[in-house]
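Biologist: Please show me the model. I will keep asking for reasons.

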Amino acid sequence: MAKYKIAWLPGDGVGAEVMEAARIVLDALGFDAEYHHGDIGWEFWKKEGDALPQRTIDLLRSCDAALFGAITSKPAKAAAEELAPELRDKGLSYRSPIVRMRQLFDLYICFRPCKAYPGNPLNYKEGIDLVVFRENTEDLYFGLEFPEFPENLRQLPEFSRIPEKAAVSLKVNTRRGCERIIEAAFEYARKNNRKKVTCVHKANVVRASDGLFLSVFKEVAARYPDIASDDANIDALTMWLLKNPFNYDVLVAPNLYGDIISDLCAQMVGGLGFASSGNIGEKVAVFEPTHGSAPKYAGQYKVNPIATILAAKLMLDWLGEKEMAQRIDNAVAKVIAKGEVRTYDMGGNATTLEMAKAIAAEL
Ligand code: GGG
C-alpha cells in the first residue's frame, strides 16, 4: 500500500494540463502515493447540477491531501442556461466548488507564498519573499447576501438606513475566525524563521469587523514577543508593498483583503504562472495553483505549470515530506535561473509538459 492517498482533482480547462505536469514531477521524485481522481467542475454542473458532487466530498474526506487544478465558474443566470435540459426546472443554483470546499471542510487558512525566484524575467524586484495568510471562510465571503434586502428586516431600527431595493452583503468576522488565522501566521513565522507579521485591515473605517481583526491581532502578537509585528490599512499597504516589498515578510488579512494582496504579491513574483496556494483546515487540505481554468488556452498545453508544481511542493511540505518539497523548490529555482526553458508568459515557447520535464530533470 502506498504511504499517502491523494485526491486528484484536475477540474476544467487547463486544469488537467497543469496537473499532468505536476504528476511528472511527483513521479520523478518518487513520491509514494496512490492518486484518486475526483469529479469537480463545470462538466458536472451541466450534467448533474452539482459542480462538487457528494462522491468527491467523500473522497476528499478519505484522503491525506488533495491537489486541485482549476475550475470554470459563471454567473448564476449563465450557469442555469447551460444545465442539461432535464435539470433546468429543478431550481438549482450554481455555487463555486472552490468556495464550497472552503466552507464545507472549514479550510480556514489560505496560505500563499510569493517568492521571486532569481532570474525570473517577470520578477518585479529580485529578492522578494512574502507569505500571505488569508482568512478563507468568513468576512465578505461568509455567504450571507441579499440581492434585495428584505423589507421586514428594513423595519428594524438598526437597518432603517438601508434604502429600498438595496443589495447587501454582510461582512462577518468572528473572534475565533480571526484568532485562528492570526495564530497560524505567527506559528508559521516562528517555525520558518520569519521576522515580522503584518496585519492588513481597514479598522479606521470598518470598525466592527476589521476592528475585531486588529484587536485580536494585537492580543495574539503579544504572545509571540520573538516575532515583530505591525499593521497597515489595506489601501496604504498596496502602495507601500509596491514601494518597498522588502519591508514586509508575513502578511495576515481577513478574506477580501487577503484575496487582493495575495494577487498583488503574486504579480510581483511573476504572476499567475507562479502563484500556488494551500487551503488548509484541521482535517482536509487542498492545494492548487491560484489561476483559473483559462478556457482560451485549454487544449494547447501552453500555460505555465510552475504554480501547480509549487502547489504540489506545498502539499509535500504540509504532509511532512520536507526533503522532497525542498527538492522541488531547488529544481524550479534551477530551471528558472538557467532560463533555457520558458513558457509563453516568461517570453519563451516551451510547452506545459516541457517545463515539467525540465524541472523533473533537475530534481
Ligand atoms: N485554481 C483556482 C481556480 O480555479 N480559480 C478559479 C476561480 O477562482 N473561480 C471563481 C470561483 O469559482 O470562485
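Biologist: What makes the pair between Pro289 and the ligand a polar contact?

Modeller: A polar contact is a pair of N or O atoms within 3.5 Å. A backbone N or O atom of Pro289 lies 2.7 Å from a nitrogen atom of the ligand. That is within the cut-off, so the pair counts. The protein also buries 74% of the 360 Å² that the ligand exposes when taken alone. These areas come from the Shrake-Rupley method with a 1.4 Å probe.

Biologist: What are these values based on?

Modeller: This is a predicted model: local features need pLDDT of at least 70, side-chain atom pairs count only at pLDDT 80 or more, and totals for chains, interfaces and linings use all residues. Residues are numbered from 1 along each chain as its sequence is written, and side-chain values use heavy atoms, without hydrogens and water.

Biologist: Which oxygen contacts does the ligand make with Ile71 and Ser73?

Modeller: A backbone N or O atom of Ile71 is 2.9 Å from a ligand oxygen. For Ser73, a side-chain N or O atom is 2.6 Å from a ligand oxygen.

Biologist: Why is Glu288 called near the ligand?

Modeller: Near means that one heavy atom lies within 4 Å. Glu288 is among the residues that surround the ligand, so it meets that cut-off. Ser96 and His291 are also among them.

Biologist: How many shell residues are charged?

Modeller: One is charged, four are nonpolar and six are polar. Gly counts as polar here.

Biologist: Which strands supply at least two shell residues each?

Modeller: Strand 3 (65–70) and strand 12 (285–289) do. A strand is a DSSP run of E with at least two residues.

Biologist: How do you know that strand 1 and strand 2 pair?

Modeller: Pairing needs at least two bridges found by DSSP. Strand 1 (residues 4–11) and strand 2 share five, in the parallel sense, so they pair. Trp8 has His37 in strand 2 as its bridge partner.

Note on methods:
A polar contact is a pair of N or O atoms within 3.5 Å; within protein, one must be able to donate a hydrogen and the other to accept it, and residues adjacent in sequence count only if both atoms are side-chain atoms. Helices (H or I, at least four residues) and strands (E, at least two) are DSSP runs, numbered from the N terminus.
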